[in-house]
Amino acid sequence: MRETKMIELEDAVMEIIVNAGQSRSLCFEALHAARAGNFDEAKQLLREADGYSRQAHHMQTKLIEQDAGEARQPMTLIMVHAQDHLMTSMLARELAEEIIHLYQR
């Protein structure tokens with residue numbers, strides 16, 4: 001039974017990492033587009049990044065809810081790594097939007 005939970009946990013963690021990583025990558029693509037003067041493309045890339053970020057955040061919320069209930073989750077290095085990816089992607093998103101505004105000036 002414990003092994004089944006761990007597999008589910010690993011799947012959830014990998015979903016956070018993959019989606020957060022994709023969001024971060026799209027934010028940097030948006031910055032490159034803005035630097036080239038393609039502001040409509042940059043905004044579209046940020047919207048796409050938001051979708052991946054929402055997916056990662058949704059999974060994180062599920063893990064938090066599960067942990068707050070009766071299914072306590074063990075703290076693992078990979079969980080910390082996933083959290084790091086999510087927070088980095090969220091920061092990249094905020095900074096990308098600000099830098100794009102500067103490019104538009």
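Here is a walk through this structure, helix by helix, with a stop at its salt bridges and surface patches. Keep in mind that this is a predicted model.

Let's start with helix 1, which covers residues 2–35. Asp 11 sits in this helix, and it belongs to a patch of negative charge on the surface. The other members of that patch are Glu 8, Glu 10 and Glu 15.

Next comes helix 2, running over residues 39–68. From first C-alpha to last, its 30 residues reach 42 Å, close to the 44 Å you'd expect at 1.5 Å a residue. Which residues of helix 2 are buried? They are Ala 42, Leu 45, Leu 46, Ala 49, Ser 53, Ala 56, Met 59, Gln 60 and Leu 63. Pick Leu 45 out of that list, a helix 2 residue. Its relative accessible area is 9%, and since the cut-off for buried is under 20%, Leu 45 counts as buried. If you want a distance to check in your viewer, try Leu 45 against Leu 31: the two are 14 residues apart along the chain, and their C-alpha atoms are separated by 9.1 Å.

Helix 3 takes in residues 77–104. Its 28 residues should span 40 Å at 1.5 Å a residue, and the end C-alpha atoms are indeed 40 Å apart, so the expected span and the model agree. The buried residues here are Met 79, Ala 82, Leu 86, Ser 89, Ala 92, Arg 93, Ala 96 and Ile 100.

Arg 93 deserves a longer look. What makes it count as buried? Its relative accessibility is 18%, and buried means under 20%, so Arg 93 falls on the buried side of the cut-off. As for what it pairs with, a little background helps. Side chains of opposite charge can pair when their charged atoms come close. The count for this model comes to 2 salt bridges, and Arg 93 takes part in one with Asp 50, at 2.6 Å from N to O. That pair links distant parts of the chain: Arg 93 is in helix 3, Asp 50 is in helix 2, and their positions lie 43 residues apart in the numbering. Asp 50 has a relative accessibility of 22%, so it counts as partly exposed.

Arg 93 also forms a salt bridge with Glu 97, where the closest N and O atoms are 2.9 Å apart. This one stays inside helix 3: the two residues are 4 apart, about one turn of the helix. Glu 97 is partly exposed, because its relative accessibility is 34%. Through their shared partner, the salt bridges join Asp 50, Arg 93 and Glu 97 into one network.

Finally, the surface. Leu 91, Leu 95, Ile 99, Leu 102 and Tyr 103 make up a nonpolar patch there, with about 460 Å² of accessible area together. Two of its members are worth a glance. Tyr 103 is found in helix 3, and its relative accessibility of 37% is why it counts as partly exposed. Leu 91 has its place in helix 3 and is partly exposed too, with a relative accessible area of 48%. One more pair to try in the viewer is Leu 91 with Gly 21: they are 70 residues apart in sequence, while their C-alpha atoms are 12 Å apart in space.

Technical notes
Residues are numbered from 1 along each chain as its sequence is written. This is a predicted model: local features need pLDDT of at least 70, side-chain atom pairs count only at pLDDT 80 or more; totals for chains, interfaces and linings use all residues. Side-chain values use heavy atoms; hydrogens and water are left out. Patches are made of residues with over 30% relative accessible area and no salt bridge: like charges are joined within 9 Å, nonpolar side chains (Val, Leu, Ile, Met, Phe, Trp, Tyr) within 5 Å. Accessible areas come from the Shrake-Rupley method with a 1.4 Å probe; for residues, only the protein chains shown count as cover. A salt bridge is a side-chain nitrogen of Lys or Arg within 4 Å of a carboxyl oxygen of Asp or Glu. Lys and Arg count as positive and Asp and Glu as negative; His and the chain ends are not counted. The place of a charge is taken as NZ of Lys, CZ of Arg, CG of Asp or CD of Glu. The expected span of a helix is 1.5 Å times one less than its number of residues. Buried means under 20% relative accessible area, exposed over 50%, partly exposed in between (1.4 Å probe, protein chains only).
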